[in-house]
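The report below describes a protein model for a reader who works with coordinates. It goes from the whole chain to its sheets, its core and a few single residues.

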Amino acid sequence: MNSRIAWLALFSAAGLCPAQQPAAPLALPSGPFEVNGIAARVNSTVITKSELNFRLAPIYAQLAAQFPRRGAEFDRQVGEAREKLLQEMIDREIILFEFKQLEAKGAKLPDHVVDKEIKRNIQSTFNGSEAKFDEELKRARMTRDGYRRMTREQLIVQAMRAEHFSDAPPPLPGEIQKEYNEVKDKMRDTSKDLITFNKIFIPMADIDNALATPESQLELAEKLTADIKGGADIAELAKKHSRDAYAAEGGFQENVPRTDLQPEFASIIFNGKTGDVVGPLVDPAGFTIVKITKITPGPHPPLSEVRDLIEDRVRTKKNSVTYEKWIANKRKTAMIEKKL
């Protein structure tokens with residue numbers, strides 16, 4: 001991602017606690033930057049950087065929060081994610097080219113299937129917030145119609161893959177139960193996730209310390225994180241150093257819904273476990289350190305409700321070798337030009 005775009009994505013992220021006030025951000029890089037361009041060309045179809053960046057945005061926001069100083073590891077993980085997404089998009093165009101041959105024979109994707117998938121994406125990626133979804137579309141210079149077209153193509157790709165998995169033997173009951181046990185947590189109602197934690201918030205600018213700078217505040221946050229991991233009491237440190245409404249209570253917050261947290265922070269914190277110290281995480285307002293006390297996941301659906309989906313997953317896994325051979329052959333005959 002272009003460095004200027006990357007910084008804009010970072011500073012668009014909001015704070016963990018709504019009560020926190022934004023302060024002056026770290027210095028922005030200067031110079032011209034490319035608004036959009038070609039990421040790759042597949043046959044006669046162009047994949048734009050805008051499309052790629054939109055798909056990368058949720059991953060980038062999480063990594064930006066995890067790596068306040070950026071650095072080589074941050075660049076490596078962003079680069080890996082970008083390369084993986086671009087390859088997926090190239091494969092998508094190859095498959096869509098194949099689907100056009102089927103459209104001439106009457107193949108069609110119903111509109112209500114696309115509507116349902118868009119609703120699911122907004123719930124899972126943006127905590128159900130239409131406003132955040134529209135904000136991300138605007139930042140990616142993408143319209144709702146464009147997003148709908150992109151979603152439709154994703155569903156076509158899934159269907160085409162399933163078509164080439166048609167030789168799979170039927171999933172066995174034991175395989176279905178095993179797959180369900182592995183993925184049921186990811187299928188839970190995340191809007192009902194709850195978390196209890198102690199938190200320290202260090203603002204970018206401290207009104208009680210005129211000499212504080214974003215750099216010195218980050219150094220303080222890093223030191224506090226190291227002290228807590230070394231055994232220091234986060235509650236006592238929160239009372240002394242934290243600058244939010246919960247400081248007097250040692251930063252303690254109980255049963256906070258996932259939906260009350262910013263999506264990128266929620267994804268990071270809910271991936272932890274009891275006793276983990278997470279941070280410092282960065283947002284436009286400052287630096288956040290969290291020590292997890294308890295996580296209560298939302299309910300997952302019973303197998304009877306998701307059996308068809310689980311069976312599809314098992315069938316897909318069993319036929320992945322067949323699919324990889326098929327797509328590898330299609331790549332050889334396609335005209336592919338990468339620009340990144």
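## Overall organisation

Among contacts in the protein chain between residues at least 6 apart in sequence, 75% join residues at least 24 apart, a contact being heavy atoms within 4.5 Å. This is a predicted model, in which local features need pLDDT of at least 70 and side-chain atom pairs count only at pLDDT 80 or more, while totals for chains, interfaces and linings use all residues. Residues are numbered from 1 along each chain as its sequence is written, and side-chain values use heavy atoms, with hydrogens and water left out.

The protein chain has twelve helices and seven strands; these are DSSP runs numbered from the N terminus, helices being H or I over at least four residues and strands E over at least two. Of the 340 residues of the protein chain, 41% count as buried, where buried means under 20% relative accessible area, exposed means over 50%, and partly exposed is in between, with a 1.4 Å probe and protein chains only.

## The two sheets

Four strands form an open sheet in the order β4-β3-β6-β5, with antiparallel pairing; two strands pair if DSSP finds at least two bridges between them. Because β4 (252-257) and β5 stand at the edges with a single partner strand each, one side of each is left without a neighbour in the sheet. The twist from one strand to the next averages 35 degrees, angles running from 0 to 180 degrees between N-to-C directions, with axes as lines fitted to C-alpha atoms, for helices over the stretch in contact. Helix α8 (residues 214-229) packs on this sheet and touches β3, β5 and β6, its direction making about 30 degrees with that of β6. Between β5 and β6 there is a hairpin, which joins them through two residues.

An open sheet of three strands has the order β2-β1-β7, again with antiparallel pairing. Its edge strands are β2 (45-48) and β7, each of which pairs on one side only, and neighbouring strands of this sheet are turned by 15 degrees against each other on average, direction ignored.

The table lists strand pairs from both sheets, each with one residue pair.

| Strand pair | Bridges | Sense | One residue pair |
|---|---|---|---|
| β3 (residues 194-203) and β6 (residues 286-296) | ten bridges | antiparallel | F197 and I292 |
| β5 (residues 277-283) and β6 | five bridges | antiparallel | L281 and T288 |
| β1 and β2 | four bridges | antiparallel | I38 and T48 |

## Core and helix packing

The largest nonpolar core has 40 residues, and those with the most contacts inside it are I47, F54, L86, I90, I95, M142 and Y147; such a core is a set of buried Ala, Val, Leu, Ile, Met, Phe, Trp, Tyr and Cys residues joined through side-chain atoms within 4.5 Å. The elements that give two or more residues to this core are β1 (38-42), α2 (49-66), α3, α4 (111-125), α5 (130-139), α6 (144-164) and α12. Its largest share, eleven residues, comes from α3. Leaving out residues up to four places away in sequence, L86 touches A39, A40, I47, L52, K338 and L340.

The axes of helix α3 (residues 72-103) and helix α12 (residues 320-333) come within 10 Å and cross at roughly 85 degrees. The two helices are therefore roughly perpendicular to each other, given that 65 to 115 degrees counts as roughly perpendicular, under 35 as roughly parallel, over 145 as roughly antiparallel and the rest as oblique. On the α3 side the contact is made by Q87, D91, I94, I95 and E98, and on the α12 side by Y323, W326, I327, K330 and R331. These residues divide into five nonpolar, one polar and four charged, where Ala, Val, Leu, Ile, Met, Phe, Trp, Tyr, Cys and Pro count as nonpolar, Asp, Glu, Lys and Arg as charged, and the others, Gly among them, as polar.

## Two residues in detail

I336 is in strand β7 (residues 336-338) and counts as partly exposed because its relative accessibility is 35%. Although I336 and V42 are 294 residues apart in sequence, they are 4.6 Å apart in space, C-alpha to C-alpha. Residues up to four places away in sequence aside, I336 touches R41, V42, I90, I94 and R331.

E179 lies in helix α7 (residues 173-183) and, because its relative accessibility is 4%, counts as buried. Apart from its neighbours within four places in sequence, E179 is in contact with I310, R313, V314 and K317.
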